[in-house]
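User: I would like to learn how to read surface patches, pockets and salt bridges in a model like this one. Could you take me through them in turn?

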Amino acid sequence: MGQVTIYLDDENERRLRRAAADAGVPVSRWLANLVEEKTRQEWPESVREMAGEWRDFPSIEELRGSLVEDSEREPL
């Protein structure tokens with residue numbers, strides 16, 4: 001496991017320690033969670049579970065049903 005050194009001014013250090021304490025985790029865990037959240041390359045499971053939950057969202061057929069033929073483009 002890697003180690004990282006960061007330098008913070010007094011105010012940011014105070015806010016970091018307060019945020020970690022409020023979350024009930026050590027500062028290192030709070031920072032690791034922040035890095036994971038900000039660098040995640042997949043949607044969280046909670047977001048993926050929401051797929052299809054918008055009952056009033058139009059279906060693909062409804063969205064494409066109103067398409068009209070494209071206009072002819074001007075030559076370049």
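Analyst: Let us begin with the surface. A nonpolar patch is built from residues with over 30% relative accessible area and no salt bridge, their nonpolar side chains being joined within 5 Å. Please keep in mind throughout that this is a predicted model.

User: Which residues make the nonpolar surface patch here?

Analyst: The patch is made by Trp43, Val47, Met50, Trp54, Phe57, Ile60 and Leu63, and it covers about 780 Å². Met50 is a useful member to look at, since this residue lies in the loop between α3 (45–48) and α4 (60–64), and its relative accessible area of 39% makes it partly exposed.

User: What is the volume of the largest pocket, and which residues are closest to its centre?

Analyst: A pocket, unlike a closed cavity, is an open set of grid points with protein on both sides. In this model the largest pocket has a volume of about 380 Å³, and of the 14 residues that line it, Val4, Val27, Ser28, Leu31 and Ala32 are the closest to the centre. Two elements, α1 (10–23) and α2 (27–39), each give two or more residues to that lining, with the largest share, six residues, coming from α2.

User: How many residues of the lining of the largest pocket are nonpolar, polar and charged?

Analyst: The lining of the largest pocket divides into nine nonpolar, two polar and three charged residues.

User: Now to the charged side chains: how many salt bridges does the structure hold?

Analyst: The general idea is that side chains of opposite charge can pair when their charged atoms come close. The structure holds six salt bridges, one of which joins the side chains of Glu11 and Arg14, at 2.7 Å from N to O. Both of these residues lie in helix α1, three residues apart, about one turn of the helix; Glu11 is partly exposed at 39% relative accessible area, and Arg14 is likewise partly exposed at 47%.

User: Which residues do shared salt-bridge partners join into one network?

Analyst: Start from Arg48, which forms a salt bridge with Glu42, the closest N and O atoms being 3.8 Å apart. Arg48 also forms a salt bridge with Glu45, where the closest N and O atoms are 2.5 Å apart. Because Arg48 and Glu45 are three residues apart in helix α3, about one helical turn separates them. Through these shared partners, Glu42, Glu45 and Arg48 are joined into one network.

User: Is Glu42 buried or exposed?

Analyst: Glu42 counts as exposed, because its relative accessibility is 60% and the cut-off for exposed is over 50%. Arg48, at 41%, and Glu45, at 43%, count as partly exposed.

Note on methods:
Residues numbered from 1 in each chain as written. Predicted model: local features only at pLDDT ≥ 70, side-chain atom pairs only at ≥ 80, totals over all residues. Heavy atoms only, no water. Patch = residues over 30% accessible without salt bridge, like charges linked within 9 Å, V, L, I, M, F, W, Y side chains within 5 Å. Areas by Shrake-Rupley, 256 points an atom, 1.4 Å probe, with all protein chains shown as cover. Salt bridge = Lys/Arg side-chain N within 4 Å of Asp/Glu carboxyl O. Helix = DSSP H or I, 4+ residues; strand = E, 2+ residues; numbered from the N terminus. Buried < 20%, exposed > 50% of the residue type's maximum accessible area, 1.4 Å probe, protein only. 1 Å grid on protein atoms, 1.4 Å probe; cavity = no way out; pocket = protein on both sides within 12 Å on 5 of 7 lines; lining within 4 Å. Points joined across faces, edges and corners; volume = space filled by probe spheres on them. Nonpolar A, V, L, I, M, F, W, Y, C, P; charged D, E, K, R; others polar.
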